[in-house]
Every structure is written in structure tokens, then in C-alpha cells.
Amino acid sequence: MTVSLGPNGELQYPSYPPGNQGSHGYAGIGEFQCYDKYMLARLKRHAESPGQPLWGLSGPHDGPRYDESPESSGFFREPGGSWKSAYGEFFLSWYAGELLGHGDRVLAAASRALGGKPVALSAKVPLLRGPSPVDATAGLHGGYGPVAEMFVRHGCAVIASGVEAQPDAAAVERLARIKAACAEHGACLAAESAPLAAARDGAGSAAGGVWLSAGRTRPCQFTYQRMGAEFFSPAHWPLFVRFVRALECPEEAHEDDVPASADGGERLTVPSAAAPQGEATREEQTV
């Protein structure tokens, strides 16, 4: 059972309007979500405990707007941005901690409701695009380590959400951070594709290469979303077949298993990664 923890089911704040992020970049770094009366009350109490009541009157006065770049935001500007100050660290730590506390409470409630039943829990973490301030406004300033630790505490698998067939450098870097956090804390790692993550122009499945090279943190499950006409196209279907076969039996996958690429070019290559001993059986599903 997958437990929803926020926008699109992911553990994050709704820090950007729908459609503002995508595989081709970002339209802005997003806004902090701390201005309703409940968040402001908790911020006020949190600021009073270290003796800094003025820090709890509001969110950052120079915080970014949805469509701002880091350079145009006083808070995230480099150099001299206030996120590197004592106040900035105080605020970002509190902001991330509030999100982590929310996830902890929801997963605890799910664990209690399903206690004793043969149901495996999972929940999503976002694979964000853009520079590091995007992580901060979404509530992941502390990285994926505390998130993975919290998930393990509730016996919940970590689903990396939004994996592209052709991830950019930022997405690959974040995938590496998620895998490292899961490996460090012993969390079960799963993945979910971006909607219709079709490889284009006859290119190989970079998502497959990213995941299948992960060693002990290869995913225990991969969900491929929203099958449609493009999904079954000659350009894409062989890539999906190759990816599923390589997930299940990477040591047995062979270039003859699928036809040559649709444009008559070279055959698709099989990502090379042997499954570690004792690894749980992997599952693939399409939605």
C-alpha cells in the first residue's frame, strides 16, 4: 500500500505551482509554505526556545517567489544569501523538520491501522529538478538521510518518484543521493517513472542504466506509469521490454531478446549489473 504524504503523493511541500517543474528544467525555485496561522504559531514557539523570538515572527523577509531564480532571490543569492546565515540555518532546519514530522505522523497512523495485516507500506519522495534551493523550498534541506531513517522506522519502502527515461545531470545526482541514503539506513528502495517516461530518438534507456548500476540499492519494485499509444510505439516498446528483463534477470538478458532500434540503427544495449546475493525478488508493474 502506498501512503500519500503530500502533493502527488510525495513527501514535500507544495512549493511550486503545478506544471512549474519538469524534465527540461525549472520555472523557478518555489516559495516557502509557512504563512498560515498554524505554521506561524509553530515557528513562533520554535524561535522562542533558543531565545530568538524575532526569528519566529514570519518566514524569511527575502524569501523567493515561485518563478524566481536563485540569483534573483535575496535568500538564496550567492554569495551573501541569508540561507547561509545563522538565521537561515535555523529556519531551514525547522522547515524541513516540520515536513519530516508530518511524514512521521502519517506513516505512524498507517502502521497502526494496518498492524498485524500482511500489507507492505511504501511512500514517495520527489525526484526534484533544478538547483539545491529547489530542495530547500520543498522541505528537503536536510537531505534524504533523515527521510530514509524515518521510513525504516515504520517499515516503509522509499519510492523515488518521477524517474525519467533520460534523466539530466541534476536528476542523476539526486538519484545517487536517494540510493546512498537507503543503503546507509537499510531502507527498501523502489521507483516510479514520470508519466509516460518514453525514451525518444532511438536512445537507450538511461533510467535503466541508472537503476541497474545501483548494486545493493537496485529497486525492489519499479512502477511504470500511464501506458498509452506512445508507450507501445516501435521506438519505445523494445526499450521497456529490455528494461523489465534486465531488472528481473540482468545476468541473462541478451541483445537477441529484442529487435533492433526502430530506425534500423544499432541494437539497444543491456545494462550490466549482476544481482547481489540474497537480494529480494524485484517486481515491475505498469499503471
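A190 of strand β6 pairs with Q221 of β7 as its bridge partner. Three bridges join β6 to β7 (residues 221–224), and the two strands run parallel. Strands count as paired here if DSSP finds at least two bridges between them. The model is predicted: local features need pLDDT of at least 70, side-chain atom pairs count only at pLDDT 80 or more, and totals for chains, interfaces and linings use all residues. Residues are numbered from 1 along each chain as its sequence is written, and side-chain values use heavy atoms, with hydrogens and water left out.

**Strand β6**

- Strands (E, at least two residues) and helices (H or I, at least four) are DSSP runs, numbered from the N terminus.
- Strand β5 (residues 156–163) is joined to β6 by five bridges, also in parallel.
- V158 has L189 as its bridge partner in β6.
- Five of the five residues of β6 (residues 189–193) are buried. Buried means under 20% relative accessible area, exposed over 50%, and partly exposed in between (1.4 Å probe, protein chains only).
- Both faces of β6 are covered: L189, A191 and S193 are buried on one side, A190 and E192 on the other.

**Helix α5**

- Helix α5 (residues 169–185) has 17 residues and reaches 25 Å from its first C-alpha to its last. That is close to the expected 24 Å, the expected span being 1.5 Å times one less than the number of residues.
- The buried residues of α5 are A171, R174, L175, I178, K179, A181 and C182.
- Seen down the axis of α5, these buried residues fall within an arc of 160°, so they line one face of the helix. The arc is that of the directions from the helix axis to the C-beta atoms.
- A169 and E184, on the other side of α5, are exposed.
- G186, just after α5, takes a positive phi of about 75°.

**Helix α4**

- Helix α4 (residues 145–153) buries G145, V147, A148, M150 and F151.
- The cover over these residues includes α2 (86–113), β4 (121–126), β5 and α5.
- G155, just after α4, has a positive phi of about 65°.

**Nonpolar core**

- The largest nonpolar core has 54 residues. Such a core is a set of buried Ala, Val, Leu, Ile, Met, Phe, Trp, Tyr and Cys residues joined through side-chain atoms within 4.5 Å.
- Helix α2 gives the largest share of this core, nine residues.
- F32, F75, F91, L107, F151 and I178 have the most contacts inside the core.
- Not counting residues up to four places away in sequence, L107 touches V3, L5, A123, M150, F151, H154 and C156. Contact means heavy atoms within 4.5 Å.

**Aromatic pairs**

- The whole structure holds 15 aromatic pairs. Rings of Phe, Tyr and Trp (its six-membered ring) pair if their centres lie within 6.5 Å; planes under 30 degrees apart count as stacked, over 60 as edge-to-face and the rest as tilted.
- F32 and F91 form an edge-to-face pair, 5.0 Å centre to centre with 80° between the planes.
- That pair links distant parts of the chain, 59 residues apart: F32 in the loop between β3 (25–26) and α1, F91 in helix α2.
- F32 is buried at 3% relative accessibility, and F91 is buried at 0%.
- F75 and F76 also pair edge-to-face, at 4.9 Å centre to centre and 90° between the planes. Both F75 and F76 are buried.
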